[in-house]
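Me: Please pick one part of this model and take me through it closely, along with whatever it packs against. Plain language is fine; I'm happy to check each residue on screen as we go.

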Amino acid sequence: MTDDEIAKARALCEAATPGPWTAEYGTSDRAPTINGPARPGVAGFPVPVRVASNQDAAFIAAARTLVPVLLDALESMRLHAANLTTDLHKAQGHARMWSRHNDEARERADKAERDLAATKAALAEAVQMIEDI
């Protein structure tokens with residue numbers, strides 16, 4: 001959902017009569033009705049609806065309280081995802097930094113190994129020169 005779609009859904013929820021709403025199932029001679037709380041200036045609220053099924057009436061009644069909860073959860077998950085993305089970018093930056101440090105340390109270790117080999121060779125040569133005396 002885009003930010004605009006979320007804003008439109010929130011506006012619809014805020015404009016609607018607060019919940020909870022309930023569904024009264026229809027019968028063969030009576031349409032299902034949606035019942036909500038009384039509104040100021042309105043005496044009660046069964047609103048007959050013509051829907052395809054009792055399940056549609058149950059869904060419409062539940063949507064009044066369910067949609068705001070879903071929008072809250074969606075926004076929370078989007079914020080969480082944004083925070084994780086920020087954390088990921090920081091971790092990637094640290095990984096690049098540590099990779100550079102690791103490369104530098106590897107270069108220093110390789111140089112130390114070369115220096116040690118040269119020192120051992122020089123020492124062996126010095127020992128040989130001493131033994132030749």
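Reply: Let's take helix H2. At 1.5 Å a residue, its 79 residues should span 117 Å, and the end C-alpha atoms sit 108 Å apart, which agrees. That expected span is 1.5 Å times one less than the number of residues in the helix. Helices here are DSSP runs of H or I with at least four residues, strands are E runs of at least two, and both are numbered from the N terminus.

Some ground rules before going on. This is a predicted model, with local features needing pLDDT of at least 70 and side-chain atom pairs counting only at pLDDT 80 or more, while totals for chains, interfaces and linings use all residues. Residues are numbered from 1 along each chain as its sequence is written, and side-chain values use heavy atoms, with hydrogens and water left out.

H2 covers residues 54–132, and it bends by about 50 degrees at Ala-63. The bend at a residue is the angle between two fitted axes, one through the seven residues ending there and one through the seven starting there.

Now for what is tucked away. Ala-57, Ala-61, Arg-64 and Leu-71 of H2 are buried, where buried means under 20% relative accessible area, exposed means over 50%, and partly exposed is in between (1.4 Å probe, protein chains only). The buried residues of H2 pack against H1, strand E1 (22–24) and strand E2 (33–35).

H1 deserves a look from the other side of that packing. What covers its buried residues includes H2. H1 has 13 residues, and at 1.5 Å each they should span 18 Å; the end C-alpha atoms are 18 Å apart, in agreement. Its buried residues are Ile-6, Ala-9, Arg-10 and Cys-13. They lie on the same side of H1, because they cover an arc of only 100 degrees around the axis, judged by the directions from the helix axis to the C-beta atoms. The general rule is that an α-helix has 3.6 residues a turn, so residues three or four places apart point the same way. Turned away from that buried side, the other face of H1 carries the exposed residues Lys-8, Leu-12 and Ala-15.

Cys-13 is a handy residue to click on. It belongs to H1, which runs over residues 3–15, and its relative accessible area of 12% makes it buried. Beyond its neighbours within four places in sequence, Cys-13 is in contact (heavy atoms within 4.5 Å) with Arg-64, Val-67, Pro-68 and Leu-71. For a sense of scale, Ile-130 comes 117 residues away from Cys-13 along the chain, with their C-alpha atoms separated by 96 Å.

Next, the charged pairs. A salt bridge here is a side-chain nitrogen of Lys or Arg within 4 Å of a carboxyl oxygen of Asp or Glu, and the count comes to 7. One of them joins the side chains of Asp-72 and Arg-10 at 2.5 Å, N to O. That pair links distant parts of the chain, with Asp-72 in H2 and Arg-10 in H1, 62 residues apart. Asp-72 is partly exposed, at 43% relative accessible area.

Another one stays within H2: Lys-111 and Asp-115 meet at 2.8 Å, N to O. They are 4 residues apart, about one turn of the helix. Both are partly exposed, Lys-111 at 43% relative accessibility and Asp-115 at 37%. Shared partners also turn Arg-10, Asp-72 and Glu-75 into one salt-bridge network.

His-94 is also in H2, and at 45% relative accessibility it counts as partly exposed. His-94 and Ala-81 are 13 residues apart in sequence and 20 Å apart in space, C-alpha to C-alpha.

Last, how far to trust all this. pLDDT is the predictor's confidence in each residue, from 0 to 100. The protein chain averages 87, with 90% of the residues scoring at least 70. Confidence is highest in H1, at a mean of 93, and lowest in strand E3 (residues 46–48), at 56. Where pLDDT is low, the predicted coordinates should not be read in detail.
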